[in-house]
Amino acid sequence: AHARHDGHRIGQDRVLPLPMLDHCARMRDGGQKGIKALILYPMNALASDQAGRIAETVASETRLAGLTAGLYVGEAGRHSSMGADHLIDKREAIRADPPDILLTNYKMLDYLMLRPKDRQLWAQNKPTTLRYVVVDELHTFDGAQGTDLALLLRRLRARLQAPEGHLICAGTSAT
């Protein structure tokens, strides 16, 4: 991997947004709890693939020491803490101490806002805690699925009472 002039690091075939990681580290250093960045994937396989890259980056960058990221997808995991090759993926651990960065899919995000046992994920979030929302493979969200995603993100913004214009939303695509 190598750095580009625009502040991104190029991995094997993905771009990892370092400004998002830096923001999460600064907020964490300031004592802010809660989910600061949300990355949505259309498929669990993409989320799992990127999870390994994020774990590796967090483990290798001194500035990011202590940053946490969680993977919350269809199947429950077995990791209660971060590692150099994995994120927190045990649901109980994620609920008990929400990570700085949450990787999930849009259907699971819907559950995370509806199910009573998952609502505690957002309990430590203030209106300005969540700053970044990244939708990977944005081009796959068209038609009814795109409408569902748009409404889901509006519900999330309303639930967190995020101020108008506060969220930085980005879509990524390899195509």
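1. Contact here means heavy atoms within 4.5 Å. By that criterion, His166 touches Pro127, Thr128, Leu130 and Arg131, with neighbours up to four places away in sequence left out. His166 sits in the loop that links helix 5 to strand 8 (168–171). Its relative accessible area is 14%, so His166 counts as buried, the limit being under 20%.

2. The model is predicted. Its mean pLDDT is 86, and 90% of the residues reach at least 70. The weak part is residues 1–16, where pLDDT stays under 50. The model still has 32 contacts for residues 1–16 beyond four places in sequence.

3. Overall layout. The chain contains 5 helices and 8 strands. Read from the N terminus, the order is β-β-β-α-β-α-β-α-β-α-β-α-β. The chain has 175 residues, and 44% of them count as buried. Take the contacts between residues at least 6 apart in sequence: 70% of these join residues at least 24 apart.

4. The largest nonpolar core. It has 25 residues. Those with the most contacts inside it are Leu38, Leu102, Leu109, Leu112, Trp122, Leu130 and Leu156. Two or more residues come from each of strand 4 (37–41), helix 3 (91–96), helix 4 (106–114), strand 7 (132–135) and helix 5 (143–160). Helix 4 contributes the most to this core, 5 residues.

5. What does Leu38 contact, leaving aside its neighbours within four places in sequence? The partners are Leu102, Thr104, Leu109, Leu130, Tyr132, Val133, Val134 and Leu156. Of these, Leu102, Leu109, Leu130 and Leu156 are also listed with Leu38 among the residues with the most contacts inside the largest core. A separate core of 23 residues lies apart from that one, and its members include Ala47, Leu67, Leu71 and Ile101.

6. Helix 4 against helix 5. The two pack at an angle of about 35°, and their axes are 10 Å apart. The crossing is left-handed. On the helix 4 side, the contact uses Tyr106, Leu109, Asp110, Met113 and Leu114. On the helix 5 side, it uses Gln145, Asp148, Leu149, Leu152, Leu153, Arg155, Leu156 and Arg159. Leu109 and Leu156 thus appear in this contact, and both are named for the largest core.

7. Arg28. This residue belongs to helix 1 (residues 18–29). Is Arg28 buried or exposed? Its relative accessibility is 19%, so Arg28 counts as buried, under the 20% limit. With residues up to four places away not counted, Arg28 touches Lys36, Arg63, Leu64, Ala65, Gly66, Leu67 and Asp100. One of those partners, Leu67, is a member of the 23-residue core.

8. Ala45. Helix 2 (residues 44–60) holds Ala45. Its relative accessible area is 59%; exposed means over 50%, so Ala45 is exposed. Ala45 and Val73 are 28 residues apart in sequence, and their C-alpha atoms are 9.6 Å apart in space.

9. Cysteines. How many disulfides does the structure hold? The count is 0. Cys24 is buried, at 0% relative accessible area. Cys169 is exposed, because its relative accessibility is 55% and the limit is over 50%.

Methods
Residues numbered from 1 in each chain as written. Predicted model: local features only at pLDDT ≥ 70, side-chain atom pairs only at ≥ 80, totals over all residues. Heavy atoms only, no water. Disulfide = S-S within 2.5 Å. Buried < 20%, exposed > 50% of the residue type's maximum accessible area, 1.4 Å probe, protein only. pLDDT = per-residue confidence, 0-100. Core = buried A, V, L, I, M, F, W, Y, C linked by side-chain atoms within 4.5 Å. Helix = DSSP H or I, 4+ residues; strand = E, 2+ residues; numbered from the N terminus. Axes fitted to C-alpha atoms, helices over the stretch in contact; angles between N-to-C directions. Left-handed = near helix turned anticlockwise from the far one by under 90°.
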